[in-house]
Amino acid sequence: MSAPKSNAAAEANKPAAELRWPGFVALLAVGGLHYALPSELTVGPDWILTALIVLFAIPKIISDRAGRQNLYRIFGHLTSGLVTADMIASLALLIWRLPKHEDSPQKLLLAASLLWTINVLVFASWYWRLDAGGPHGRDSLAEKAGGFHADGAFLFPQMTMSPDLLKRMGEGRWRPGFVDYLFLAFNTSTAFSPTDVPVLSRWAKALMMVQSVISLTTIAIIAARAVNIL
């Protein structure tokens with residue numbers, strides 16, 4: 001009788017799996033923002049990106065439920081790569097059309113604002129998907145570390161605190177979620193730096209440089225158009 005009890009206790013102490021739906025919602029939001037872009041700045045029909053995001057979500061959900069983590073990662077990376085390529089294509093079209101003065105200032109300002117927001121969501125998805133092996137990898141690491149996130153490409157403030165302090169704060173099993181990576185991406189696009197989260201990995205530094213360049217480009221377009229309006 002002791003073995004079933006010990007197994008039940010182990011299951012009770014096992015950290016809960018990280019939620020997957022925030023990442024999907026973020027990509028759906030990217031599809032919605034893409035739909036709101038002027039048609040001149042989109043590749044293909046306005047609805048195609050949202051349709052592809054939903055289409056790729058089906059095998060992702062199936063592979064996740066079936067425990068096929070490699071397939072889940074492959075379809076996740078394909079989706080993130082797709083929205084990244086689409087965002088860069090739209091930004092290139094915006095830059096290409098800017099000297100022609102064919103678009104109204106209101107349209108250009110709207111497009112730049114939408115692309116800036118898309119940039120935040122896209123790179124938040126990348127950080128969430130890649131850090132410490134993604135959701136599955138963080139689940140495994142947390143299980144080995146007693147529910148606490150102690151390793152990854154980003155040094156979150158909680159990772160530097162003592163276990164006793166974390167327990168007093170009620171964060172003894174703290175782990176980063178999608179909102180943490182969204183906050184990181186937002187800071188990168190506004191301050192062009194990670195602010196309170198140091199970056200430890202070279203791939204993360206490279207991604208953050210790309211995100212900062214895209215953000216700086218869109219902000220420069222908005223600033224230039226604002227000056228022209230004045």
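These are my notebook entries on a predicted model of one protein chain.

**Entry 1: the overall layout**

I began with the whole chain. I counted nine helices and zero strands, so my list of elements, read from the N terminus, is simply α-α-α-α-α-α-α-α-α. The C-alpha atoms fill a box of roughly 80 × 35 × 25 Å along the principal axes. Of the 230 residues, 41% are buried. I also looked at how far apart in sequence the contacting residues are. Among contacts between residues at least 6 apart, 73% join residues at least 24 apart.

**Entry 2: the largest nonpolar core**

Next I went looking for the core. The largest nonpolar core has 46 residues, and the members that touch the most others are L94, I118, V122, F123, Y127 and F154. Which elements give two or more residues to this core? I found α2 (21-36), α3, α4, α5 (105-130), α8 (178-191) and α9 (202-229). The biggest giver is α5, with 15 residues. A reminder to myself: in soluble globular proteins, nonpolar side chains tend to be buried together.

**Entry 3: α3 against α4**

I then turned to a pair of helices, α3 (residues 48-65) and α4 (residues 69-97). Their axes lie 8 Å apart and the packing angle is about 165 degrees. Angles over 145 degrees count as roughly antiparallel, and α3 and α4 are therefore roughly antiparallel to each other. The crossing of α3 past α4 is left-handed.

I wrote down who meets whom. From α3 come L49, L52, I53, F56, P59, K60, S63 and D64, and from α4 come L71, Y72, F75, G76, T79, L82, V83 and D86. Sorted by class, this contact has 10 nonpolar, three polar and three charged residues.

While I was in this part of the chain, I checked G32, which sits in helix α2. G32 is partly exposed, at a relative accessible area of 38%. Its C-alpha atom is 6.9 Å from that of T50, although the two residues are 18 apart along the chain.

**Entry 4: from α5 into α6**

How do α5 and α6 cross? Their axes come within 6 Å and cross at roughly 40 degrees, and the two helices are therefore oblique to each other. On the α5 side I noted Y127, W128, R129 and L130, which meet G134, P135 and R138 of α6. The residues of this contact divide into four nonpolar, one polar and two charged.

The loop between α5 and α6 (134-144) holds A132. I stopped there for its backbone: phi of A132 is near 55 degrees, a positive value in a residue other than glycine. I put a flag beside it, since most residues other than glycine have a negative phi. Is A132 buried or exposed? With a relative accessibility of 18%, A132 counts as buried.

Then I went through α6 itself. The buried residues in this helix are G134, P135, H136, G137, R138, D139 and A142. Their cover includes α3, α4, α5 and α8. After α6 comes G146, and its phi is positive too, near 75 degrees.

**Entry 5: Y127, T188 and Q211**

I came back to Y127, one of the core members with the most neighbours in the core. Beyond its neighbours within four places in sequence, Y127 is in contact with R138, F154, Y181, L184, A185, L207, M208 and Q211.

Q211 made me look twice. This residue is in helix α9, and Q211 is buried, with a relative accessible area of 0%. Which residues does Q211 contact, leaving aside its neighbours within four places in sequence? My list reads N119, V120, F123, Y127, A185, T188 and S189.

That list led me to T188, which lies in helix α8. T188 counts as buried at 1% relative accessibility. Beyond its neighbours within four places in sequence, T188 is in contact with S193, P194, M208, Q211 and S212.

**Entry 6: where to look again**

For my next look at the model, I would begin with Q211, whose contacts include both Y127 and T188. After that I would reopen the loop between α5 and α6, where A132 has its place.

Definitions and conventions
Residues numbered from 1 in each chain as written. Predicted model: local features only at pLDDT ≥ 70, side-chain atom pairs only at ≥ 80, totals over all residues. Heavy atoms only, no water. Axes fitted to C-alpha atoms, helices over the stretch in contact; angles between N-to-C directions. Helix = DSSP H or I, 4+ residues; strand = E, 2+ residues; numbered from the N terminus. Parallel < 35°, antiparallel > 145°, perpendicular 65-115°, else oblique. Left-handed = near helix turned anticlockwise from the far one by under 90°. Contact = heavy atoms within 4.5 Å. Nonpolar A, V, L, I, M, F, W, Y, C, P; charged D, E, K, R; others polar. Core = buried A, V, L, I, M, F, W, Y, C linked by side-chain atoms within 4.5 Å. Buried < 20%, exposed > 50% of the residue type's maximum accessible area, 1.4 Å probe, protein only.
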